[in-house]
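I opened the notebook to log what I looked up in this structure. The entries follow in the order I made them.

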Amino acid sequence: MSTTEHTIEYVTATIGGQLFGLPISGVQDVFLPERLTRVPLAAPEFAGMLNLRGRIVTAVDMRLRLGLAPAEVGKARMAIGIESKGESYGLLIDAVGEVIRLPVGGLESNPVNLDARLARVSAGVHRLDGNLLVVLDVDRVLDIGAHAEAA
Amino acid sequence: MDELLRDFLTETNESIDVVDVELVRFEQEPNNAQILSRIFRLVHTIKGTCGFLNLPRLEALTHAAETLIGNFRDGAPVTGESVSLILATIDRIKVLLEELERNQAEQAGDDRDLIDQLAQAAAQVAGAPPAAAPKVEEPKAAPARAAAAEAASVAAEASPANDSKPARAKAEGAARSSEEGAESRVAHQSIRVHVDTLEQLMTMVSELVLTRNQLLEIVRRHEDSEFKAPLQRLSNVTAELQEGVMKTRMQPIGNAWQKLPRIVRDLSNELGKPIELEMHGAETELDRQVLDLIKDPLTHMVRNSADHGIEEPGRRQAAGKPEKGTIRLSAWHEGGHIIIEIADDGRGLDAQKIKTTAVARGLATEAEIEKMPDAQAFKFIFSPGFSTASQITNVSGRGVGLDVVRANIDEIGGTIDVKTVPGRGTSFTIKIPLTLAIVSALIVEAAGDRFAIPQLAVVELVRVRANSEHRIERIKDAAVLRLRNKLLPLVTLKGMLKLAEVQDETVSAFIVVMQVGNQTFGVVVDAVFHTEEIVVKPMCSRLRNIALFGGNTILGDGSVIMIIDPNGLANAIGNTAAAQQAAENAREIEQRTDDASMESLLVFRAGSPQPKAVHLSLVTRLEEIDAKTIEGADGRLMVQYRGQLMPLVLVNEDVRIKEKGVQPLLVFADEGRSMGLIVDEIVDIVEERLRIELASQRPGVLGSAIVKGQATEVVDIAHYLPLAFEDWMAWGGGRSERAPVRVLLIDDAPFFRNMLAPVLKAAGYAVTSAASAKEALALFEDGARFDIVVTDLDMPGMDGFDFTAAVKKDPRTAAMPVIGLSSLASPEAIERGRKVGLHDYVAKFDRPGLIAALKEQTADVDCAA
């Protein structure tokens, strides 16, 4: 009991070489996104819709969301399934990493020199050995419309 | 049993069951406000519903009881006597309800005994003199008393309740046990299930349908699968289950109509218009979710009909209609939809007023409005804040309403249509799906992706090929589909969805013709697959801003596809069409100087590859006859046509009459006579700004014009008429014997002068033409005299109105009638015409109208002469 009070488990993922973490409590599943149906007229970050065991999942391309170049065509990608306001989303990432347990106290607010594109979706960072884990703020990740219109 | 009555009994019996339990406690704690208010609610509900179901006895009784209990509820001390009285009343209600359930109608009888006691008690409690008692209304008292014997028996049945409390309690117990079997068969036949439970059941069934579809898809790929038979069973069971669950959600639409008779009655009083509400098809069932959403719009529309539609009794009488207006509400099933119609026999919509308001509100420009068909203009009444009511009444006219109605109906994927006949009434037709959860949709493909289009909005599918009868044409840059002589705006689905650059696909295409409200349009898709029952899933909330999609669904093969929202599509097209219109208007203003407006021309070939054209309004019909039926007699060509011999004329000598096969003809008819003009080929009907550039000296040709980018000969029909009937010219209703009436025809467009002059000549008038008002006035100055003037109203320089005013001012010409010709017939223009002294007003292409007007106006001339 005491451990869960002081640590938090993250599902980690890499997007464009950067390490990200999502609290495991918010992750539904990790899956291979197949048969994506594109959504015309939607912001480019919306990669499409897919059927995950009878549920309709909206896929968000995290590379585009972070302002990175689109993934190479044909390169296998993974998706982390999350839920927001009763709806299912899949965050498309380059690769999924291991689940790591980090102390709650280690979460720092965004460093001032953090890339603005990362800061936009970040709920804070954990400093690991020679690496920075950016904790994703799901609400901000999904808040796509505002930016899409500005773009 | 009547649905309403059954519901009433079910509900009331339930409440009574609850109150029965409370009654025992009520005896012990007569001042328990909770129990009291529960009894009050029961009595109140029964009272409220009784008025509806026409149950006067129950109504009178509960009304009296309500007053008393109301007093207690307001704090008056409860006495033992009054408790007994209330209990007795409840018992009597139960007796009445039992009778009602047995006989499905209220038995005649009298409850005066209880009512009087209740009134007395109420008066005492309220501290008012008992004289207040007679105030209690009991309208049915007199006839009810006639059945005195009946009343006595009822009183006897109820009598135990009037005894002391313990006795009553005993009686209660006894009554309950004896009643147990018979009690409320209805109440126990139906149970109440929470709506959420049903919703969840529906969701599960929807999932099941999806899974079934997926399984079917898989089995389809494995022809000899052993799963086939059991899957078929599963499929059938699923379908039945779906139907069964749907049924639990079904309710008669009458439930949404319940309040309407009352509303209409109140409105009728408030507005001082007698109105009758007819209701047909109240038993038509639909999904309760849909029912809930349609309730308010319906109420609003009925109010609207009462307020706007139905005229004041005086006006109705003046119009020869019964004083009492009628609003007819009907509902019926049609396909997978329910149609609800709200019709009134009132004044109808005022197209002009709507158009004027639309312009005033900036919803359309004057130029757009001018061209707009009335049916399209009526759509404006659904725009936000649109109201033509000059007076704001309590009922409507505040500009909130029809737009909300429209929005509500849009939301459930329905459509609303309005039809109106001036002076005869207006009818609104609402078409809504029976259920929202599962819809039938057409699966189409655009740019490699599939999309679902709700079948509700699909009118038909059209396959266009290079030489099929339906063609894609271009009016300026906009593609249109010519479908049975109607032009439909055309969009490509991939273009609307910005999926691909749209190429010129005029050769072959699949077109889904859709209708949303009064708007009909064609959507070009790459392929059409099949119709599928799809389970509508709401669009992800972050994507709901895309108006073109109404949701998404999982197909049988497991893939997710978007569902097109017909309303969103219609709006998007409306916008682009409006944009096109605007561009066109701008161009039109540029071209105003040469006045040529769009005209429909029939393009054909005859004798030469160069196309020829004739004004479409002059052509009565296009025909194709069997070449073999053409007969030659007396050196003239004839054909039997509609039971008569019709003369045939060749456009020129180069036209070859076909020896076999089909011979195309242009048929011209006038006052019962027809002639056929033989042509080689009918090419097209085009909208073009006709400008005759080169006048021709050749007989039968008015001149050349550029039509669709090609030099085209414009044919003079007047030349051919005498060829068919030698007496055509002389044939003018016997006028030829007299000196012909002299007509001055003024039109700045040579085309119209050339078109009308022969027509008028053929009708026996002596025609002089003038190209402008100035020229006409100059003729007068030169001493030329005419019996009547026919003038175009829209002319550069001095227009027809100013010309008429000038004619009327000059004493030499003031007596001469003037007929105005115009393509715009707005009330303002007509009013202006009347002011300057125009005698009549005729639309430009209305030849019979013009002849009639001439006859009418020159009848005076004849008399004067």
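I started with a nonpolar surface patch in this predicted model. B:Leu215, B:Ile218 and B:Leu234 form the patch, and together they have about 210 Å² of accessible area. I placed B:Leu234 in helix H11 of chain B, residues 228–248. B:Leu234 has a relative accessible area of 34%, so I logged B:Leu234 as partly exposed.

Next I took totals for chain B. I found 27 helices and 35 strands. Chain B has 865 residues, and 49% of them count as buried. The accessible surface of chain B is about 41400 Å², with 52% belonging to carbon and sulfur atoms. I then checked contacts in chain B with a separation of 6 or more: 66% of them come from residues 24 or more positions apart.

Then I turned to the interface. How many residues of chain B are in contact with chain A? I got 28 residues of chain B against 21 residues of chain A. The area buried between the two chains is about 2000 Å², and carbon and sulfur atoms give 58% of it. B:Arg542, B:Leu543 and B:Val560 supply 33% of the area that chain B buries there, more than any other three residues.

I looked up the polar side of this interface as well. Chain B and chain A share two salt bridges. I noted a salt bridge between A:Glu87 and B:Arg544, with the closest N and O atoms 3.4 Å apart. I also logged eight residue pairs in polar contact between the chains, both residues at pLDDT 80 or more. Several elements of chain B give two or more residues to the side touching chain A, among them helix H10 (195–221) and strand S9 (449–454). The largest share, four residues, comes from S17(B).

Last came salt bridges in general. The count over all chains is 28. B:Arg92 and B:Asp111 meet at 2.8 Å, N to O. B:Arg92 lies in helix H4 and B:Asp111 in the loop between H4 and helix H5, so the pair ties together parts 19 residues apart in sequence. Are these two residues buried or exposed? Both are buried.

I compared another pair. B:Glu276 forms a salt bridge with B:Lys324, the closest N and O atoms being 3.9 Å apart. B:Glu276 sits in strand S2 and B:Lys324 in the loop between helix H15 and strand S4, 48 residues apart. B:Glu276 is partly exposed at 36% relative accessible area, and B:Lys324 is partly exposed at 42%. I closed with a network: salt bridges that share partners join B:Arg57, B:Arg92, B:Asp111 and B:Asp113.

Key: Residues are numbered from 1 along each chain as its sequence is written. Chains are lettered from A and ligands numbered from 1 in the order in which they are written. This is a predicted model: local features need pLDDT of at least 70, side-chain atom pairs count only at pLDDT 80 or more; totals for chains, interfaces and linings use all residues. Side-chain values use heavy atoms; hydrogens and water are left out. Patches are made of residues with over 30% relative accessible area and no salt bridge: like charges are joined within 9 Å, nonpolar side chains (Val, Leu, Ile, Met, Phe, Trp, Tyr) within 5 Å. Accessible areas come from the Shrake-Rupley method with a 1.4 Å probe; for residues, only the protein chains shown count as cover. A salt bridge is a side-chain nitrogen of Lys or Arg within 4 Å of a carboxyl oxygen of Asp or Glu. Buried means under 20% relative accessible area, exposed over 50%, partly exposed in between (1.4 Å probe, protein chains only). Contact means heavy atoms within 4.5 Å. Buried area is the accessible area (1.4 Å probe) that two parts lose on being put together, summed over both. A polar contact is a pair of N or O atoms within 3.5 Å; within protein, one must be able to donate a hydrogen and the other to accept it, and residues adjacent in sequence count only if both atoms are side-chain atoms.
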